[in-house]
Amino acid sequence: MSDTPVVDERLLALLRADLAAAHFTVDGVAERLGPVASAALHREQPLPALLATEPTATATTSDSCGVLVRLFTLGRRVGAAALASALPTLGVEGAVALGLVRLEGGPAGFGPVGAADGPSAAGADRTVVATCDLRPYGDDAHDWWVASDLSEVALGGPLRADHVLGIGGASTTLASWTVRRPVERALDLGTGCGVQALHLTGHASSMVTTDISERALAYAAFNLALAASEEPGAVPPLELLRGDLLEPVAGQRFSLVVSNPPFVITPRDEDLTLYEYRDGGRAGDTLVRSLVRQVGTVLEPGGVAQFLGNWEVPAGRTWREVWGEWLDEQAREGVPLDAWVVQRESQDPAEYAELWARDGGAQPGSETHSRMYAAWLRDFAARDVERVGFGIVTLQRPATDRAPWRSLDEAYGPVAAPMGPTVDAGLRARTWLAEHSDDEVLGVAWSCAPDVTEERHGRPGAEDPSVILVRQGGGLGRVVRAGTLLAAYLGVADGELTAAAALDAIATVLDLDPAAVRAELVPQLRDLVADGLLV
């Protein structure tokens with residue numbers, strides 16, 4: 001019997017219909033669990049959800065959604081009759097045939113996690129155990145379901161080394177930041193269970209998904225086939241390839257490459273389990289560095305690559321210096337690329353070790369956890385690592401013969417959701433700036449974006465403010481400290497006057513040299529245009 005789900009188009013259509021009818025959707029599960037249990041489950045605390053879905057002897061209606069949550073998300077056994085009621089057209093036999101559950105003999109009863117939820121139907125003592133995690137997922141236009149290996153919450157112990165990760169913070173972050181332009185060919189590199197590929201179905205004419213893990217590709221195939229059962233054409237032509245990084249697609253070209261790679265920096269320690277989903281078999285941050293160096297070879301002119309990553313920052317250096325070195329190396333050895341890197345988090349080695357030593361099921365305070373924690377610290381110390389950065393990388397192959405641009409930004413607080421439209425606009429703005437001179441920038445009648453506000457701070461009783469802040473309401477949430485000249489320009493930037501005319505007028509009023517005013521403000525205008533404060 002396969003340890004991954006099986007693709008059967010007829011049965012998948014029945015499964016999809018039953019899941020929808022059971023309201024086993026993102027909204028349906030949230031409503032069924034309630035806000036407290038839902039929030040706890042997101043923190044990987046299952047008890048509130050277990051209590052919220054516990055069957056009662058006095059229930060008068062079937063609880064299909066609750067049964068499915070308990071079975072596939074929480075890892076509880078359920079009675080075969082309860083599952084048959086929850087999946088009436090697929091049935092228990094169909095769920096077994098798809099590889100989603102297995103039947104076990106013996107009476108059902110109450111007990112700890114893994115025990116059954118009560119007696120099944122009269123004359124039926126069989127219980128059902130989930131063999132995978134299956135949960136709803138979606139966006140504004142789609143209801144999907146994603147199968148993956150059972151989580152730590154369901155297993156209650158360590159994960160297998162070839163564990164196929166389900167929906168997580170990293171995958172949803174990348175999905176939020178991805179540019180959603182219509183594209184001819186898209187590549188999901190390191191697809192895992194296929195979350196990014198599901199999103200690509202909405203704007204790619206054809207797709208290739210790759211992974212080094214055969215089990216991951218099997219899960220991705222199942223999830224995409226389940227999505228395809230919605231209606232003809234729901235999933236564009238698709239190819240699944242096994243291999244490391246870009247090897248399976250060498251010589252091909254894509255309009256968009258997305259990747260949630262196994263970027264976690266993991267010690268090379270024979271006593272530690274190396275998980276395929278988080279560790280690409282490389283020391284330090286060399287996997288992300290390799291991807292930066294190589295991805296341009298599969299991008300067509302104008303093509304975009306977006307991926308998540310961690311990077312090490314040695315003592316005495318900054319993360320921008322590290323990335324400058326990487327990009328210089330990439331430009332020398334490969335196709336020069338525009339680069340927009342947004343660092344979202346920075347941790348010291350102990351913080352990073354604490355985060356990932358818990359991953360996989362090791363409990364803080366246990367001997368296993370302490371051994372892993374120490375291995376991480378020794379590994380970072382061997383390379384004199386002072387900080388570890390995390391962020392989103394967007395690379396673009398220039399469509400014309402021009403010098404590439406670079407933008408290395410920090411955004412540690414909340415940002416717009418989704419971020420894809422902001423990234424798309426930022427790419428277009430930065431590309432326009434790279435292709436136009438300062439005089440051409442001055443020739444545009446810019447306007448302040450609708451989400452831009454101004455704050456003025458001063459001492460009580462002072463006539464003039466001592467600090468003027470220009471704040472972006474959406475996007476990266478940029479806050480810019482504006483001097484007198486920039487504040488004066490933004491006050492008249494309403495799309496009527498070109499920047500040149502407005503700056504010359506300001507210079508005249510303040511009795512300043514117009515050339516000096518332009519020289520001071522043009523770099524600031526370029527920064528505001530790049531991040532969407534001026535449009």
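I take buried to mean under 20% relative accessible area, exposed over 50%, and partly exposed in between. I keep in mind throughout that this is a predicted model.

**Entry 1, R289 and its partner.** I looked up R289 and found a relative accessible area of 23%, so R289 counts as partly exposed. Its side chain meets that of E329 in a salt bridge, at 3.2 Å from N to O. I placed R289 in helix 11 (residues 286-294) and E329 in helix 12, so this pair ties together parts that are 40 residues apart in sequence. E329 is buried, because its relative accessible area is 13%. I then asked which residues are linked with R289 and E329 in a network of salt bridges. The others I noted are R293, R317, E325 and E333.

**Entry 2, further salt bridges.** Searching the whole structure, I get 31 salt bridges, and I went through two more of them in detail. D3 forms one with R215, where the closest N and O atoms are 3.1 Å apart. This pair links distant parts of the chain, since D3 sits in the segment before helix 1 (9-21) and R215 in helix 10 (residues 214-228), 212 residues apart. I note D3 as partly exposed, with a relative accessible area of 37%, whereas R215 is buried at 10%. The other bridge I followed is between R320 and E410, with 3.7 Å between the closest N and O atoms. Here R320 belongs to helix 12 and E410 to strand 13, so I record another link between distant parts of the chain, 90 residues apart. Both ends come out as partly exposed, R320 at 37% relative accessibility and E410 with a relative accessible area of 38%.

**Entry 3, the sheet of 8 strands.** I traced an open sheet whose 8 strands follow the order 8-7-6-9-10-12-11-13, with mixed pairing. Strand 8 (238-242) and strand 13 (406-410) stand at the edges with a single partner strand each, so one side of each has no neighbour in the sheet. Neighbouring strands are turned by 20° against each other on average, with direction ignored. Strand 6 (residues 183-189) and strand 7 run parallel and are joined by 6 bridges; among the residues involved, R185 has S206 in strand 7 as its bridge partner. Helix 12 (residues 319-333) packs on this sheet, where I find it touching strand 10, strand 11, strand 12 and strand 13, and its direction makes about 155° with that of strand 13. Helix 8 (residues 169-177) lies across strand 9 (254-259), strand 10 (299-314), strand 11 (338-347) and strand 12 (385-396), and runs at about 140° to strand 10.

**Entry 4, T209.** Is T209 in strand 7 (residues 204-211) buried or exposed? I find T209 buried, because its relative accessible area is 0%. Leaving aside residues up to four places away in sequence, T209 touches D188, T191, A197, L217, L238, E239, L240 and L241.

**Entry 5, the sheet of 3 strands.** I also found an open sheet in the order 1-3-2, with antiparallel pairing. Its edge strands are strand 1 (78-79) and strand 2 (101-104), each pairing on one side only. Between strand 1 and strand 3 (residues 127-130) I count 2 bridges, and V78 has V128 in strand 3 as its bridge partner. Helix 4 (residues 64-73) lies across strand 1, strand 2 and strand 3, at about 55° to strand 3.

**Entry 6, a nonpolar patch.** V509, L510 and L512 make a nonpolar surface patch of about 280 Å². V509 lies in helix 18 (residues 499-510), and I list V509 as exposed because its relative accessible area is 70%.

Technical notes:
Residues numbered from 1 in each chain as written. Predicted model: local features only at pLDDT ≥ 70, side-chain atom pairs only at ≥ 80, totals over all residues. Heavy atoms only, no water. Patch = residues over 30% accessible without salt bridge, like charges linked within 9 Å, V, L, I, M, F, W, Y side chains within 5 Å. Areas by Shrake-Rupley, 256 points an atom, 1.4 Å probe, with all protein chains shown as cover. Salt bridge = Lys/Arg side-chain N within 4 Å of Asp/Glu carboxyl O. Buried < 20%, exposed > 50% of the residue type's maximum accessible area, 1.4 Å probe, protein only. Pairing = 2+ DSSP bridges. Contact = heavy atoms within 4.5 Å. Axes fitted to C-alpha atoms, helices over the stretch in contact; angles between N-to-C directions.
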